[in-house]
Amino acid sequence: MKPVRMKDIARDLGVSVITVSKALHNQSDISTATRARVLKRASELNYKPNYAARALVTGRTHMIGLVVPDLVHSFHSEIAKGLAGVLRKSGYSLVISSSEESQQVEEQAIEQLVARRVDALLIASTQVSPVSFRRLTEANIPFILIDRTIPDVEASFVGVDDELVGVMATEHLLAVGCRVIGHIGGVHISPARGRLEGYKQALLKHGITPNPDYVVMLSTLDELAHGVGYESAQKLLSRNPRPDGIFCFSDAIAIGAMGAILDAGLRIPEDVALVGCSNLHYDPFLRVPLSSVDQQSVAIGRRAARLAISLIESESKVAPKAILLEPKLMVRDSTKRSSGTSREK
């Protein structure tokens, strides 16, 4: 069967196509009775809007693209959940693509989404160069950076203050009595740099000189590779003195570190207290429930969606703005110890 068109509804009801269009778009200059008739007939005929045809007229597809490093880690899926909820209510659909933490794959994903004529792009980027984003600017496609900033890219950003994340996690370890605190982080993305800086600031504030021997920097931040967290924690545990607290870039890394600590016959938190970042939904159900810094992932998605819609629908160019949500520390068993807890078993 051929798809039902607005002209089919108009013919059946003896009204104009313009009247049908106004009813379907909930415009106020037609009567309530006429709107009800149109919507009833559209439902009976199973009418579906032709977005491709609409895009030719309006220049908008009502699609927004999201590019994230992976589609498995719940941090990114929760951002997508927040985005989709707001976009759906505003008549937009979300198209999601994964870069697999590859700059080349990310560039391909962006090109494909641009080819599909998305109205805006939301990107948690793996890039270290502004080149890809200059092309978006030249093409006049609104885009927003999520979670990660890029040097020399002037764009709106939605995320958390990652230096504050590092400060909060490290100061919490200090507050429960830790004095030799290790950090497992990364090097090539802005959240990793920010959390490392916050870790150092917190130590210095409390009169402790950061020791590079107690920082393990990872070349990859594959959120599924708990093994790197395990191996990194083993390196830290071999130091003398052994760290009595470890702050990890992510919960996925912290889960690996937890395995290394327990396999070494040590207790969490009595011997080594542990803090992650992301507040994954399964953190309370781990062998030792994990303390973590919540980045408000769903809220990031919601705020980014509202910002994207405002950029799309604005009649003039909007200056880039940064929306920083406040991180929250979720304290669980992995750090619940008194400040006087002994390091000895």
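**A colleague's note on the predicted model**

1. Let's start with strand E10. From E10, Ser-291 and Val-293 point one way, Ser-292 and Asp-294 point the other way, and all of these residues are buried. Please keep in mind while reading that what you have in front of you is a predicted model. The pattern in E10 is a nice one to learn from, because in a regular strand the side chains alternate between the two faces of the sheet.

2. Now look at the neighbours of E10. Which way do E9 and E10 run relative to each other, parallel or antiparallel? E9 and E10 run parallel, and 3 bridges join them. One place to find this pairing is Val-275, which stands opposite Ser-291 in E10. With strand E12 (residues 328-330), E10 runs antiparallel, again through 3 bridges. Here Ser-292 stands opposite Met-330 in E12. Try tracing both pairings on the screen.

3. Between strand E9 (273-277) and strand E10 (291-294) there is a loop, and Ser-278 has its place there. Is Ser-278 buried or exposed? Ser-278 has a relative accessible area of 7%, so it is buried; the cut-off for buried is under 20%. The side chain of Ser-278 also makes a polar contact, at 3.4 Å, with the side chain of Gln-295.

4. His-281 is found in the loop between E9 and E10 as well. Its relative accessibility is 53%, so His-281 counts as exposed, given that exposed means over 50%. How far apart are the C-alpha atoms of His-281 and Ser-74? They are separated by 7.7 Å, although these positions lie 207 residues apart along the chain when you count from one to the other. This pair is a good one to pick out in the viewer.

5. Next comes strand E5 (residues 156-160), which is mostly covered: 5 of its 5 residues are buried. Both faces of E5 are covered, with Ser-156, Val-158 and Val-160 on one side and Phe-157 and Gly-159 on the other. Which strands pair with E5? Strand E4 (residues 143-146) pairs with E5 in the parallel sense over 3 bridges, and Ile-144 stands opposite Ser-156 in E5. Strand E11 (residues 322-325) also runs parallel to E5, joined to it by 4 bridges. In E11, Ala-322 is the bridge partner of Phe-157.

6. For a slightly bigger motif, turn to strand E6 (residues 181-186) and strand E7 (residues 215-218). These two strands run parallel and are joined by 4 bridges. Among the residues involved, Gly-186 has Leu-218 in E7 as its bridge partner. What do E6, helix H9 (residues 190-205) and E7 make together? They make a β-α-β unit, and it is right-handed. Following the chain from E6 through H9 to E7 is a friendly exercise for seeing this unit.

7. Now for the empty space. Rolling a probe the size of a water molecule over the atoms shows where empty space is left. The largest pocket holds about 830 Å³ of space. The elements that give two or more residues to its lining are helix H7 (131-138) and helix H12 (297-313). H7 gives the largest share of that lining, 4 residues. How many residues line the largest pocket? The lining has 31 residues, and Asn-140, Ile-141, Pro-142, Phe-143 and Lys-317 lie nearest the centre of the pocket. By type, the lining residues divide into 16 nonpolar, 7 polar and 8 charged.

8. Two buried isoleucines in helices are worth a look. Ile-110 lies in helix H6 (residues 103-115) and counts as buried because its relative accessibility is 6%. Between the C-alpha atoms of Ile-110 and Glu-270 there are 47 Å, and in sequence the two are 160 residues apart. Ile-255 has its place in helix H11 (residues 251-263). With a relative accessible area of 18%, Ile-255 is buried too. Ile-255 and Lys-7 are 248 residues apart in sequence, and 59 Å apart in space, C-alpha to C-alpha.

9. Finally, step back to the whole protein. It has 12 helices and 12 strands. Its C-alpha atoms fill a box of roughly 85 × 40 × 35 Å, taken along the principal axes. What share of the 345 residues counts as buried? The share is 50%.

Technical notes. Residues numbered from 1 in each chain as written. Predicted model: local features only at pLDDT ≥ 70, side-chain atom pairs only at ≥ 80, totals over all residues. Heavy atoms only, no water. Pairing = 2+ DSSP bridges. Right-handed = clockwise from strand over helix to strand, strands pointing away. 1 Å grid on protein atoms, 1.4 Å probe; cavity = no way out; pocket = protein on both sides within 12 Å on 5 of 7 lines; lining within 4 Å. Points joined across faces, edges and corners; volume = space filled by probe spheres on them. Nonpolar A, V, L, I, M, F, W, Y, C, P; charged D, E, K, R; others polar. Buried < 20%, exposed > 50% of the residue type's maximum accessible area, 1.4 Å probe, protein only. Polar contact = N/O pair within 3.5 Å; in protein donor to acceptor, adjacent residues only side chain to side chain.
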